[in-house]
Amino acid sequence: MKKYNLLLLVCLFSFTSSFAGGFKLGLQGQKQLGMGHTGVGFAQDAAIIYFNPAGMSFVGSQFCGGVNALFPNTSYFDISTNNVTKATSQVFTPFALYGNIKINKTFNFGMAAYTPFGSGVLYPKEWIGRYILTSIDLQSVYLQPTLSIKLTNNFSIGGGFVYSIGNVNIEKDLPIQSATQDFQAHAKLNGKANGIGYNVGAYLNTKKAAFGIAYHSRVNMEVKDGKANFTNIPASLSANFPSTNTFKSKLPLPSEIAIGASYNLSKRTTAAFDFNYTFWKAFDTLGYDYGVNTTSLSDTKSPRLYENAYSLKAGIQYDATKNTTIRVGGFYDQTPVKDGYVSPELPDNNKMGLTCGATFRIWERCHIDCSLLYENVFKRTQKNLETQLEGTFHTKVIAPGVGITYLFQKRTYKRKRY
Amino acid sequence: MKNKLLPFIILGICFSLSSCYPELKEKDIKAGSADFSRYVAVGNSLTSGYADGALYKEGQINSFPKMLSEQFELVGGGLFKIPYMESGGGNDGSNSPRRVLGYATSCMGETSLSPVFTTEKYTPLNNVKAAGPYNLVGVPGARAIDANLGLYSLLNPFLNRFCSTPGISSIISEATRINPTFFTFWLGNNDVLGYAMGGAVPPQNIFSASLSDENLFRSSIQTSLESLTKNGAKGAIANIPNVTSIPYFTTIPWNGVKLTQGKADTLNALYNQLGITNITWTEGNNGFVIVDSAAPNFIRKATANDLIILSTPSDSLKCGQWGVHPLKPLKDAYVLDENEVNEIVNHTAKLNAIISEYANTFDLALVDMNTFMKSLKSGMVYNGVSYSAVFVTGGGFSLDGVHPNPRGYAMIANEFIKSINQKYGAQIPMVNANKYKGVLFP
C-alpha cells in the first residue's frame, strides 16, 4: 500500500503548472472524483452532503475528508505578435471535509466544508495582456450544516443551509508611465466576500439502483469593503489614483440542478451517471464600484453574458479485492462563456476530463481514498470584444487527490463476498 | 492486488506526464515574395521618429522604421542603420529642444500639467555623413515634391547632416545608396500639413507653406518610385491622414468662451454699440470670434466646423480677451475655418488618389493611414488599452499634437506589417504596441 501512495506523491510533485480551469471546481469528493465526479445518485460516503443532502440517510455515521493538489497549466498564443505566453506555475489545494451523524433511524445530521468555486491565474511579467490582467485569485469556501430525513426505507429527502466565505484578488498593470522612474504602475483589488444559499435533494435507493436529484441554490457573493491599491503612480497623477481606495463588487455563484443514478452491474461493479445543468446566466456583468471616483477612475461594468451550461459525467467502480476498490470515469463540461467574452481571467472552453481513483481499506473503519483528475480545456481561438485581445487559450489540468474516510460505526459491505 | 493495480497507476502517471502541457506553438513566419535584406525607409518627420516637437535619439530608437526593421530581421532582414542624434534634448531644426510634460502656470494663476520645454539643452545637429549610407532616410519637413531635388539637401538641416553631398544628394538618391530590396515610402503629409498648421493663410511667396501642386506631386511620386524600384525592390507606400484626425487641430474647442448671463449681457451691449449684429452672446459656452473675410464686419463666431489650432497662445485666449473682444478676433493664422478645412481635406483626397494610383502602377502594398487615423480619432482599444486622438490623454500622440509617441508609432508599424503581409503573402509578426512607452508623466 505504502508503495502506491509514494507513487502518487511523486506524481504530485513532478508537475509544475498553473491556473484553475473554469471557476467551478469539480473536486468535492475523492471517491466521486475517481468516477468522473458522479455522486448525486450514489451514496457511498459522507461527501454526499455536497452531492445530494438526501443521500446522507444511506451512508451512516462517518467522517470523510480530502484534498487535491490542483496543477492547472494555461498557455496563450497571441495571433498578431505570434507569441506564446505560458502562465506561471501555481498549485492550488482545494479541500472538502464532511461529517455525518446518524441521529436515529429517521434523521441524519451532517456538516460540510468544501470549495465549490475558485480560480487562479498568474501571468508572467510584461505579458501582452498585462493591462487586462496580471493575476486573479478567486477562492470560496462553503460551510453547510445539513439534515436529511428518511421518509421510507428507500426514500429520503435532505437540505442544508450554505454560508459562503470568499476572497478575491485581482491585479493588473496600468498603462501609465513615469518620466522620472522606470517602474510599472499597478492596480490591485482585494476583497473578502460572503453570501448565503442552500442545497436540497431527494434520494431513492432500490436493491440494484439508486436515483438522486439535488438543487444547489445561487449564492451571491458580495464584496462590501474591498481594498483598491494603486502603486507606482507618477506624482502628477497621484490624485487621480488614490493609493488607498475601496471598491464594491458582486459575483454570483450560480445555481445548479443535478440528477444522478447508480446501478450495480454485478456484485463487484457499480456504474454511476450524473447530469448537471448550471444557471450561469446569473453572471451577466462584472462591475467595480470604487469608493472614490476620479477622472481616471470611474466605476466599471464589463459584460460577461454567461450562458447556462450542462455537464455529463459517468464513472464505474470495481471492487478489485476485499480491501481495494478501483475507479475510473470521465466528464464533459460545456462552457458558459460565449465567443468574444473569453478573457485572461477565465480562459474557458468546453472541457473533457478523465479520472481514476482507488480506495484502500487499511483498517475496517479507516479507508484511504486516492484520485487523479486529468482535464483538457479545449483550445479556443477568439477575439475579446471588450479588450480586443485576439488569440488562442489552452488549459490542461492535473489534480491528484488524497483523502481519508473514517467510519464511526462498523459497516458491513454487502458486496464483499468473494 | 499488486499486479492488478500497478499497470493502472503507471498508466495514469504516463498519461499525465505526456499530456499535461498545453500544445500551443508559434506559427511559421515567412517573408513571402518580398526580400527584406536591404530595407530603406523614405519619408518625412513621421519616418524619422520625430516626436514631442523635436528629433531626438530616443524618438529615433522608437521610430516605426526601426520597429519594422526588427520584425523584418525575423524574416531575413539585415542591418538597419539610423543617422542617430547625440543624446540630449533634441532639436526641432531651429535649435529648440523637445517638449516634456511639466507644470505650467496660466495667466489665471492655475498650475496644471502641460507640455513644456525639457530642461535638457537642445542637441546640435551633428553631421554623421561619414558613417552613411543609412537605411532610415526620414527627413523632417520634407514634402513629396522635395524628394528628388538635390538643392533640398542644402536647405534642410536634417537631410544636410547625413547626406553624402549637400546640394546634390536628394532624399531619393540617399535612399537608393544602399541598393534597397525593400522600401517604405511615406511622403505627402507636409504637402498639406504646413499649410494647415499655418492656419491656411494664403501663401505670400514661394517659401510660404502652401498646398503642393497636384501635377508636381504626381511627377515627384512617379520619379521617386521609379528610382526606388529600379533594381526590382518591393515596397509599401502610405497615404496622408486628414489633418482633422490629429490633436493639433482638435484640442482647443471651437466654443471655448464660457460666459455667465451677466458677462454675456455686457458683451452684447458692447457689440451692439459697435453695430455688430451678427454676433450675439449667450450664457454658457460660446464660439470664439474669428476673422472671416466673407462675414459682415469680417468677423463671426466660430462653429463646430471651424478648427482652432494648438499654437494659439492659450493665455491670450484665457486672459487676453482673444476671440471675445470685438477688436481681438482670432487671426486667420490660428483658425482653419470650415472652407479651409474643406479645401485641405479635398486636396488630401486628391493626393491620396495619386498615391493609390501609383501603389497600383508599381504594385506596392498600400498602407491606408488616413483610415487608420480616423479610427484612432473615434477611439480604439488595443489589448485592453484605450487609445484616441485626444491630446496627451489619448495615449497615441506625443506632446506636439502632430507626431505619435512610441506607442502610436508601434501601431503605425503594425499597419505597415498588415499591408505588407497581405500584399506579399508574408507572415511577419506584429509588434506589441503596449510594450512601448506612451506619454511620460512627471
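How many residues lie between β10(A) and β11(A) in the hairpin that they form? The number is three. This hairpin belongs to a predicted model, and it offers a convenient entry to chain A. Strand β10 of chain A covers residues 186–205 and strand β11 of chain A covers residues 209–216, and the two pair in the antiparallel sense over seven bridges. Within this pairing, Asn205(A) has Ala210(A) in β11(A) as its bridge partner.

From β11(A) the path continues to strand β14 of chain A, residues 256–264, which pairs with β11(A) in the antiparallel sense over eight bridges. Ala210(A) appears again at this step, since its bridge partner in β14(A) is Ser262(A). Ala210(A) is thus bridged to Asn205(A) and to Ser262(A). In a regular strand, side chains alternate between the two faces of the sheet.

Strand β14(A) also pairs with strand β15 of chain A, residues 269–278, in the antiparallel sense and over nine bridges. These two strands form a hairpin with four residues between them. One of the residue pairs here joins Ala258(A) to its bridge partner in β15(A), Asn276(A). Beyond β15(A) comes strand β18 of chain A, residues 309–321; ten bridges join the two strands, which run antiparallel. In β18(A), Lys313(A) is the bridge partner of Asp274(A).

Elsewhere in chain A, a side-chain contact deserves attention. Asp369(A) and Lys31(A) meet through their side chains in a salt bridge, at 3.1 Å from N to O. Because Asp369(A) lies in strand β21 (residues 366–383) of chain A and Lys31(A) in helix α2 (residues 30–34) of chain A, the pair ties together parts that are 338 residues apart in sequence. A search of the whole structure finds 20 salt bridges over all chains.

Two points of backbone geometry follow, one in each of chains A and B. Most residues other than glycine have a negative phi, and most peptide bonds are trans. Asn82(A) has a positive phi, near 55°, and is placed in the loop between β2 (71–78) and β3 (83–86) of chain A. In chain B, the peptide bond from Gly132(B) to Pro133(B) is cis, with omega near 0°. Pro133(B) is found in the loop between β3 (111–117) and β4 (136–138) of chain B.

Chain B can also be read at the level of its domains. Domain 1 comprises 26–249 + 339–435, and domain 2 comprises 257–301 + 303–336. Taken over C-alpha atoms, the centres of these domains of chain B are separated by 36 Å. Their contact takes 20 residues from domain 1 of chain B and 13 residues from domain 2 of chain B.

How much area do domain 1 of chain B and domain 2 of chain B bury between them? The value is about 1,300 Å², with 68% of it on carbon and sulfur atoms. Cys107(B), Tyr248(B) and Phe249(B) supply 38% of the area that domain 1 of chain B buries against domain 2 of chain B, more than any other three residues. Between the two domains of chain B there are zero salt bridges, and three residue pairs are in polar contact, both residues at pLDDT 80 or more.

On the side of domain 1 of chain B that touches domain 2 of chain B, α8 (190–197), α10 (247–250) and α13 (338–361) of chain B each supply at least two residues. Helix α13(B) gives the most to this side, with three residues. The residues of this side of domain 1 of chain B divide into 13 nonpolar, five polar and two charged.

Technical notes. Residues numbered from 1 in each chain as written. Chains lettered and ligands numbered in written order. Predicted model: local features only at pLDDT ≥ 70, side-chain atom pairs only at ≥ 80, totals over all residues. Heavy atoms only, no water. Domains from an automatic or database assignment. Contact = heavy atoms within 4.5 Å. Buried area = accessible area lost by both parts, 1.4 Å probe. Salt bridge = Lys/Arg side-chain N within 4 Å of Asp/Glu carboxyl O. Polar contact = N/O pair within 3.5 Å; in protein donor to acceptor, adjacent residues only side chain to side chain. Nonpolar A, V, L, I, M, F, W, Y, C, P; charged D, E, K, R; others polar. Pairing = 2+ DSSP bridges.
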